[in-house]
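User: I would like to go through this model and ask how each label was reached. Please set the value against the cut-off each time.

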Amino acid sequence: MKNELQFSDRTLKLSRYPYRSNDSLQAWDAGDEYIIRYTEEEMSLLPDQKILILNDHFGALSCWFSQHHQVTTMSDSFLSHQGIRRNLEENDCPSVRLLTTMDSLPQHIDFVLLKLPKINRHLIWQLIQIRQNLSPDCQVIAVNKAREIHTSTLRLFEKYLGHTTTSLAWKKHRLIFSAPDVSTHHPDQTQELTWPVEGESIHLINLPNVYSGEKLDLGARFFLTHLPQDPKFKHIIDLGCGNGVLAVKARQLNPQAAITCIDESFMAVESARQNLQHHFSDCENIRCIANNCLDEFKGNSADLVLCNPPFHQQTAITDHIAWQMFCDAKHVLNKGGQLLVIGNRHLGYDGKLTRIFGKTSVKTVAANKKFVILQATKG
Ligand SMILES: C[S@@+](CC[C@H](N)C(=O)[O-])C[C@H]1O[C@@H](n2cnc3c(N)ncnc32)[C@H](O)[C@@H]1O
C-alpha cells in the first residue's frame, strides 16, 4: 500500500490511525491530491494566509498547507485528530490549530478547504458555520467524488454561501468553488434534531453528525427490547454510543449502574451526554468520552459492554474496528462480565466473538430476519 504522497518536489509520508502494518487502505485520496494540485498550479496563495481545513481525514491537507500557511483544522473525528497529529509529527510540519466540532470557528480566515462530509446535515451545519464566521473575500473550495456531488449539493452551497461553480472531474473527483455572500440575511437554523423513540420513554437530541440522527437505527430498535436488567451490574459501557440511546435505556433498566459512553465522533459524545442529562437527574456516575474504542481503559472494570459496531471508517468499509471493539471489551470486562453485540446476520460477528471469547462463551440472545444479538461472556 502506498504511503507517500508526492507532488512537485515534495513528499509526505502518511498513515491512517489507528496504524496497522498490513493496512490496505491509504491515508489520503484523490480529492486531497486534486486540492493540492489545483492550489499549487492555479492559485497563488500568499505565505502566511490563514487557511481553514474541514474534515481532513488523516492530515494530508493539514500537513501540506502547514508548511507555508497558518492552518486551523476542524474535524468531528477523534481518529482523524490522532492521525493528523501523528502525520504532522512524522513529517516535521509546523503546528496546526486542531479544533473539534464543539469549538468555535476562528474569524479572519482567508481561504477554506472542505472535504464534503458524508451526512448532509453535517454539511449544512458546516456551511452555516462558515457563512457566519468568514469575511466577504474569503474563498471556499470543496471536494468530493464527482458521483457524490449532486445538483442538490450545489444548491446547498448556493443557499448557505453564495455563487457556486464546479471544476472538471480529475481522477473521478470534482472541486466546488463558492464565495460566501455575507450581505444577504440568512435565517437561523436549528442545529439539532429531537425526536421520541416509539414505545419507550426516551426522547433523543441529535447533533448534526451523529449516526442515525434522523431516526432510530433498526438494529438499535431491536437491541432496546433485549437489554438486560441485573442489580449486580455496577458499570455498563456503551461502546460506539452514537446518540446514547442504548445507554439511556440501560440506565433506565439498571439505575444503580455507572455508565460510560464512548464514541469517536465528538458530536455523538455530546449528543449522548445531553441525552443522559435530559433523562436522569443524577449524572454523577455517567461519563461520555471521545476515544478510539477502549484504548487506555483499565482491565477488569466493567460488567456489561453494549456494542452496535460500525462497519465504516471515514468512507472505507472495514471490520477492523468491530474486531478492536470486541478485543477491548474482553479486556475491560470483569470475570463473568458480558459483551452484548448486535449486527446484521451477514456480518458474521459470531465467528469473531468465538475466536476472542471461546466457543462455549458465545450464545445467541435473539434474532430476527435482519439482525442477531450475541452475548459473549468473559470466562
Ligand atoms: C452503528 S453506530 C451505533 C450507534 C448507537 N450505539 C446506536 O445503536 O444507534 C456505531 C458508532 O460507532 C462509532 N465509532 C466508529 N469508530 C469508532 C471507534 N474507533 N471508536 C469508538 N467509536 C467508534 C461511530 O461514530 C458510531 O456512532
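Analyst: Let us start with Leu-216. Beyond its neighbours within four places in sequence, Leu-216 is in contact with Trp-195, Val-197, Arg-221, Leu-224 and Val-245. The model is a predicted one.

User: What makes these residues contacts of Leu-216?

Analyst: Contact means heavy atoms within 4.5 Å. Trp-195, Val-197, Arg-221, Leu-224 and Val-245 are in contact with Leu-216 on that test.

User: Why is Leu-216 called buried?

Analyst: The relative accessible area of Leu-216 is 16%. Buried means under 20%. Therefore Leu-216 counts as buried. Leu-216 sits in the loop between strand 11 and helix 6. Its C-alpha is 32 Å from that of Lys-359, with the two positions 143 residues apart in sequence.

User: Which other residue lies in that loop, and why is it called partly exposed?

Analyst: Ser-212 is found in the loop between strand 11 (202-206) and helix 6 (218-224). Its relative accessibility is 24%. Partly exposed falls between the 20% and 50% cut-offs, so Ser-212 counts as partly exposed. Phi of Ser-212 is near 55 degrees, a positive value in a residue other than glycine.

User: Where is Asn-55, and is it buried or exposed?

Analyst: Asn-55 is in the loop between strand 3 (50-54) and helix 2 (60-66). It has 9% relative accessibility. The cut-off for buried is under 20%, so Asn-55 counts as buried. Phi of Asn-55 is also positive, near 70 degrees, and Asn-55 is not glycine.

User: Why is Ile-51 called buried?

Analyst: Its relative accessible area is 0%. That is under 20%, so Ile-51 is buried. Ile-51 belongs to strand 3. Leaving aside neighbours within four places in sequence, its contacts include Leu-45, Phe-65, Val-71, Ile-109, Phe-111 and Leu-113. His-69, Gln-70 and Thr-72 are also among them. The C-alpha atoms of Ile-51 and Asp-110 are separated by 6.0 Å, though the two are 59 residues apart along the chain.

User: What makes Asp-92 exposed?

Analyst: Asp-92 has 71% relative accessibility. Exposed means over 50%, so Asp-92 counts as exposed. Its place is the loop between helix 3 (78-90) and strand 5 (97-99). Asp-92 and Leu-12 are 80 residues apart in sequence and 9.8 Å apart in space, C-alpha to C-alpha.

User: How do you know that Lys-234 is exposed?

Analyst: The value for Lys-234 is 65% relative accessibility. The cut-off is over 50%, so Lys-234 is exposed. Lys-234 lies in the loop between helix 6 and strand 12 (235-239). Outside its neighbours within four places in sequence, Lys-234 is in contact with Ala-257, Ala-258 and Asp-303. Lys-234 and Gln-256 are 6.7 Å apart, C-alpha to C-alpha, and 22 residues apart in sequence.

User: How many disulfides does the structure hold?

Analyst: Zero. Cys-241 is in no disulfide, and the nearest cysteine sulfur, that of Cys-261, is 4.5 Å away. A disulfide needs the pair of sulfur atoms within 2.5 Å. Cys-241 is buried, with a relative accessible area of 6%.

User: Why is Cys-293 not bonded to Cys-307?

Analyst: The sulfur of Cys-307 is the closest cysteine sulfur to that of Cys-293, but the separation is 8.1 Å. The limit is 2.5 Å, so this pair is too far apart for a bond. Cys-293 has a relative accessible area of 3%, so Cys-293 is buried.

User: What makes the peptide bond from Tyr-17 to Pro-18 stand out?

Analyst: That bond is cis, with omega near -5 degrees. Pro-18 is found in the loop between strand 2 (10-13) and helix 1 (30-42).

User: Why is the protein called as compact as a globular protein of its length?

Analyst: The protein has ten helices and 20 strands. Its radius of gyration is 22 Å, and the globule rule gives 21 Å for 379 residues. The two values are close, so the protein is as compact as a globular protein of that length. Buried residues make up 56% of the 379 residues. Of the contacts with a separation of 6 or more, 69% are between residues 24 or more positions apart.

Technical notes:
Residues are numbered from 1 along each chain as its sequence is written. This is a predicted model: local features need pLDDT of at least 70, side-chain atom pairs count only at pLDDT 80 or more; totals for chains, interfaces and linings use all residues. Side-chain values use heavy atoms; hydrogens and water are left out. Buried means under 20% relative accessible area, exposed over 50%, partly exposed in between (1.4 Å probe, protein chains only). Helices (H or I, at least four residues) and strands (E, at least two) are DSSP runs, numbered from the N terminus. The radius of gyration is taken over C-alpha atoms; the globule rule is 2.2 Å times the number of residues to the power 0.38.
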